[in-house]
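I sat down with this model to see how its pieces fit together. These are my notes, in the order I looked things up.

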Amino acid sequence: MRLLYITNQISGPGGLERVLSIKASYFADELGHDVHILTLNDTTDSLFFDFSSAIQTHNIELKRSPIHYIKGYLKGIKNTISKVDPDIILVCDDGLKGMLLPLFIGKSRPMIYERHVSKNIAVKNENPSLLQKIKNKIQFKLMAWGASKYDAFVVLTNGNLNEWNLPNLTVIPNPLSFSPQINALEKSKSVIAVGKHCFQKGYDLLVETWKSVNQKYPDWKLEIYGTKNPDFSVSPLIDKYNLNSSILLHNPTKDIASEFQRTAIHVLSSRFEGFGMVITEAMACGLPSISFDCPYGPSDIITNEENGLLVKNGDTEALSNAICQLIEDKEFRERLGKNAIESINRYKIEEIAKQWNSLFKSLAA
């Protein structure tokens with residue numbers, strides 16, 4: 001079966017790129033699909049993640065005014081569809097243009113939309129203005145209208161189903177990105193968080209949380225791995241609480257599995273999520289994960305006090321208490337980590353690929 005993915009880029013270190021590298025490569029190498037990926041103003045000369053050499057990439061270069069941009073983008077997509085002649089088109093673009101694509105280009109063959117984020121991604125701060133609320137409401141209506149035109153609309157969690165009132169919804173989680181060999185090395189006194197610096201990931205809340213943890217356990221470190229963002233920097237807050245020696249900010253790394261295996265606890269402080277892939281990755285490495293019970297994802301993956309801990313969303317005191325609980329109780333921490341490894345088999349790529357392949361066959365038929 002010939003598959004065409006339409007997305008913005010595949011060269012960066014983001015979660016969407018990571019997931020696409022795993023799925024598309026498996027579809028090409030293990031299931032024998034003819035996989036193509038179309039990007040926009042991207043370069044595949046230096047990819048952060050590994051993509052199968054069997055995948056063919058296409059790119060649209062656009063650097064002109066908005067009108068020319070839209071015309072060129074749609075023309076480029078139509079030309080690529082004509083050239084590739086795919087059996088199924090998959091759109092991985094969380095922006096409005098991706099949602100409305102069936103309306104813009106017509107639907108000459110089955111189309112699937114993959115939603116990798118929550119609707120809450122439109123929320124940029126704690127107190128959005130009335131204008132922003134109105135803008136979001138209009139945007140969500142347009143998104144739902146466009147989404148209804150797809151043959152299948154794939155979300156990542158059962159919670160995400162609550163965001164959309166559509167007849168074409170189906171749930172397929174993200175796959176694990178690795179299945180590492182668990183080492184028996186002594187864990188460092190470190191708590192790890194992974195994700196880009198932005199309002200969604202809640203690192204400002206995590207710094208507030210760590211202030212209390214550091215007072216009790218000054219020999220423990222918080223290590224944050226992710227792309228830094230000057231518009232949402234937590235450095236001033238770290239400076240304010242004099243936590244520079246306790247909180248370490250790292251750039252993204254391809255070998256995040258090694259960092260998970262080295263550290264003792266994973267924490268997710270997100271205000272909202274599309275899935276929370278870092279939770280399954282941490283679990284695969286034997287880490288207990290502590291997370292805000294945010295919409296949506298963590299509660300699908302974590303069973304509280306069995307393979308991790310869930311606390312009330314945004315409650316920094318509860319998050320601090322949970323971190324301290326696992327620092328203090330090594331036996332409990334290790335039991336949760338062991339259970340975590342056993343609980344994530346359902347996210348292995350072999351299992352997730354079966355769900356995708358079933359969807360492909362049903363639409364192609």
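**Notebook: loops, sheets, helices, cysteines**

I started with E305, which sits in the loop between α10 and β13. This is a predicted model, so I keep that in mind throughout. The phi of E305 is near 70°, positive although the residue is not glycine. Buried or exposed, or something in between, for E305? I get 45% relative accessibility, so E305 counts as partly exposed.

I then pulled up D85, another non-glycine residue with a positive phi, near 55°. I find D85 in the loop between α2 and β4. Its relative accessibility is 43%, so D85 goes down as partly exposed.

Next on my list was the peptide bond from P295 to Y296, which is cis, with omega near -10°. Y296 belongs to the loop between β12 and α10 (298-301). I noted these three spots because most residues other than glycine have a negative phi, and most peptide bonds are trans.

**Seven-stranded sheet**

In what order do the seven strands of the open sheet run? I read β3-β2-β1-β4-β5-β6-β7, with parallel pairing. The edges are β3 (56-60) and β7 (169-171); each has a single partner strand, so one side of each has no neighbour in the sheet. I get an average twist of 25° from one strand to the next.

I went to β4 (residues 88-92) for a closer look. Five of its five residues are buried, so the strand is largely enclosed by the rest of the structure. I checked both faces: I88, L90 and C92 are buried on one side, and I89 and V91 are buried on the other.

I followed the pairing of β4 both ways. With β1 (residues 2-7) the strand runs parallel, joined by five bridges, and T7 stands opposite C92. With β5 (residues 111-114) there are three bridges, again in the parallel sense, and L90 faces I112.

Out at the β7 edge, I counted three bridges to β6 (residues 152-155), the two strands running parallel. V155 stands opposite V171 there.

Which helices lie across this sheet? I logged two of them. Helix α2 (residues 66-84) crosses β1, β2 (34-40), β3 and β4, at about 155° to β3. Helix α13 (residues 349-364) lies across β1, β4, β5, β6 and β7, at about 150° to β5.

**Six-stranded sheet**

I turned to the other open sheet, which has six strands in the order β10-β9-β8-β11-β12-β13, paired in parallel. I marked β10 (247-250) and β13 as its edge strands, each pairing on one side only. The twist here averages 20° from one strand to the next.

For one pairing in detail, I picked β11 and β12 (residues 289-292), which are parallel over three bridges. I looked up the bridge partner of V267 in β12 and found I290.

**Helix α12**

I wanted to know whether the length of α12 adds up. The 14 residues of this helix (residues 330-343) should span 20 Å at 1.5 Å a residue, and I find the end C-alpha atoms 20 Å apart, which agrees.

Which residues of α12 are buried? My list is F332, R333, L336, G337, A340 and S343. Viewed down the axis of α12, the buried residues fall within an arc of 135°, so they line one face of the helix. I put that down to a general point: an α-helix has 3.6 residues a turn, so residues three or four places apart point the same way.

I looked at the opposite face of α12 too, and it carries the exposed residues E331, K338 and E342. What do the buried residues of α12 pack against? I noted β11 (265-268), α9 (277-284), β13 (308-311) and α11 (316-328).

**Cysteines and F140**

How many disulfides are in the whole structure? My search found zero. I tried C198: the closest cysteine sulfur is that of C294, 12 Å away, too far for a bond. At 13% relative accessibility, C198 counts as buried. C285 is buried as well, with a relative accessible area of 1%.

Last, I looked up F140, which is in helix α5 (residues 130-147). Neighbours within four places in sequence aside, I find F140 in contact with K119 and A122. I also checked F140 against Y26: they are 114 residues apart in sequence and 33 Å apart in space, C-alpha to C-alpha.

Terms used: Residues numbered from 1 in each chain as written. Predicted model: local features only at pLDDT ≥ 70, side-chain atom pairs only at ≥ 80, totals over all residues. Heavy atoms only, no water. Helix = DSSP H or I, 4+ residues; strand = E, 2+ residues; numbered from the N terminus. Expected span 1.5 Å × (residues − 1). Buried < 20%, exposed > 50% of the residue type's maximum accessible area, 1.4 Å probe, protein only. Arc of directions from axis to C-beta. Contact = heavy atoms within 4.5 Å. Pairing = 2+ DSSP bridges. Axes fitted to C-alpha atoms, helices over the stretch in contact; angles between N-to-C directions. Disulfide = S-S within 2.5 Å.
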